[in-house]
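Work through the exercises below with the sequence and the model open. Each task is followed by a solution in steps.

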Amino acid sequence: MGLPRLGFVFPLAFICRTLMALLLCSLASTAAAKPKVLASIKPLALIAQEVAGSHAAIDTLLPVTASAHDYPLKMSDHRRLRDADLVLWVGAELESFLARPLASLPAQQVLTTYGLSDLFWPELDNHDHAHTSRDNQHQHASGDPHIWLDPRNAAVIARALAERLTQIAPESGAQFTLNAERFSQSLVELDAQLLKQLAPVKPLGFAVYHEGYSHFVSHYGLHQLAYVTFTPERRPGAKHLQELRDVLAKEGRCVFLEPYHNSRSLEEMAHSLGLNIGMLDPVGNEQVSSYHMLMEQLGQSFLRCLADSTDSGAANH
């Protein structure tokens, strides 16, 4: 005598639901198994996304409006640091507020990009830092921590990150390596494009708001005369501002401001000298969605402010 038909239907439905639940749990577990990378600042997160693709989760610690030099960590930030499989930062030379929290994490959980051996560093000439007061003479020299502003360094960071992620998730290692190499190849084209675009404005003098562009300026052969302040949080002294005015009056073409910083006095100085005013953003706003976009926008900012003054500069000076 066979079992009633109903006796088969109910267990079968139950089994199907159970299998479906197990499958969903398995998928959720797989997604959760992706390495979690916490980048200190947006530029590093943009590079990390290129390497990770869909095989790691990338998050950024600092909002784009925050200063990388001095940021008050919240309790939730400390949890994010501990929970990350890998924390990607420049180093104490830039994000000094992270030095102590990261020192308590295992070494394999932190990737310090400032210490990478293959990085390219600016070559300073006789004009660099020549027009700064003693109050502002902190020498980044070849150690300017804004290393991502040279595309060659972005490639170095990408390869180092791919290697570290492979140690964390070996099953995705081949993809991390492939992504890093593809990104590096695309940077060669980006670099060539920027070199060509900026060539016509190389001799034109300018001042930047803070001393953080030497990687970009040196690599592309631009003519930076001075900076307003060493870091955005540091207010320039009256003597330094007078020296800045004297230098710009002689051979300045453009003064670059930065978002999120009050620059009214600098704008007034630029207007009184007949200089163009540009805007530089080394980190990228919310609309910047890739490293290429960040660098292209930076190049365009230099080009617009300096090229626009090529004709008007002669009349103003």
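**Exercise 1. State how much surface the chain exposes and what share of it carbon and sulfur atoms supply.**

Solution. The model is a predicted one. In it the chain exposes about 16,100 Å². Carbon and sulfur atoms supply 55% of that area. For the interior, take the residues under 20% relative accessible area as buried: of the 317 residues, 47% fall in this class.

**Exercise 2. Describe the secondary structure and the share of contacts between residues 24 or more positions apart.**

Solution. Counting elements gives 11 helices and eight strands. Next, take the contacts with a separation of 6 or more; residues 24 or more positions apart account for 63% of them.

**Exercise 3. Find the disulfide, place its two cysteines in the chain and give its handedness.**

Solution. The cut-off for a disulfide is two cysteine sulfur atoms within 2.5 Å. The sulfur atoms of Cys-254 and Cys-305 are 1.8 Å apart, and the two residues form a disulfide. The count by this rule is one. Cys-254 belongs to strand 7 (residues 252-257) and Cys-305 to helix 10 (residues 291-307); with their positions 51 residues apart, the pair links distant parts of the chain. The torsion about the S-S bond is about 95 degrees, so the disulfide is right-handed. For burial, compare each cysteine with the 20% limit. Cys-254 has a relative accessible area of 0% and is therefore buried. Cys-305, at 5%, is buried as well.

**Exercise 4. Identify the largest nonpolar core, and list what Phe-206 contacts beyond its neighbours in sequence.**

Solution. In soluble globular proteins, nonpolar side chains tend to be buried together. The largest nonpolar core here has 76 residues, and Phe-206, Phe-216, Leu-222, Tyr-291 and Phe-302 have the most contacts inside it. Helix 5 (residues 151-168) gives the most to this core, nine residues. Leaving aside neighbours within four places in sequence, Phe-206 is in contact with residues including Val-217, Leu-222, Leu-248, Cys-254, Phe-256, Phe-302 and Leu-306. Apart from the largest core lies another, of 15 residues, among them Ala-207, Ala-226, Ala-270 and Leu-275.

**Exercise 5. Compare the span of helix 6 with the expected value, then say which elements cover its buried residues.**

Solution. Helix 6 (residues 173-198) has 26 residues. From first C-alpha to last it reaches 37 Å, close to the 38 Å expected at 1.5 Å a residue. Its buried residues include Phe-176, Ala-180, Phe-183, Leu-187, Leu-190, Asp-191 and Leu-194. An α-helix has 3.6 residues a turn, so residues three or four places apart point the same way. The cover over the buried residues of helix 6 includes helix 2 (42-52), helix 5, helix 7 (214-219) and helix 10.

Notes
Residues are numbered from 1 along each chain as its sequence is written. This is a predicted model: local features need pLDDT of at least 70, side-chain atom pairs count only at pLDDT 80 or more; totals for chains, interfaces and linings use all residues. Side-chain values use heavy atoms; hydrogens and water are left out. Helices (H or I, at least four residues) and strands (E, at least two) are DSSP runs, numbered from the N terminus. Buried means under 20% relative accessible area, exposed over 50%, partly exposed in between (1.4 Å probe, protein chains only). A nonpolar core is a set of buried Ala, Val, Leu, Ile, Met, Phe, Trp, Tyr and Cys residues joined through side-chain atoms within 4.5 Å. Contact means heavy atoms within 4.5 Å. The expected span of a helix is 1.5 Å times one less than its number of residues. Accessible areas come from the Shrake-Rupley method with a 1.4 Å probe; for residues, only the protein chains shown count as cover.
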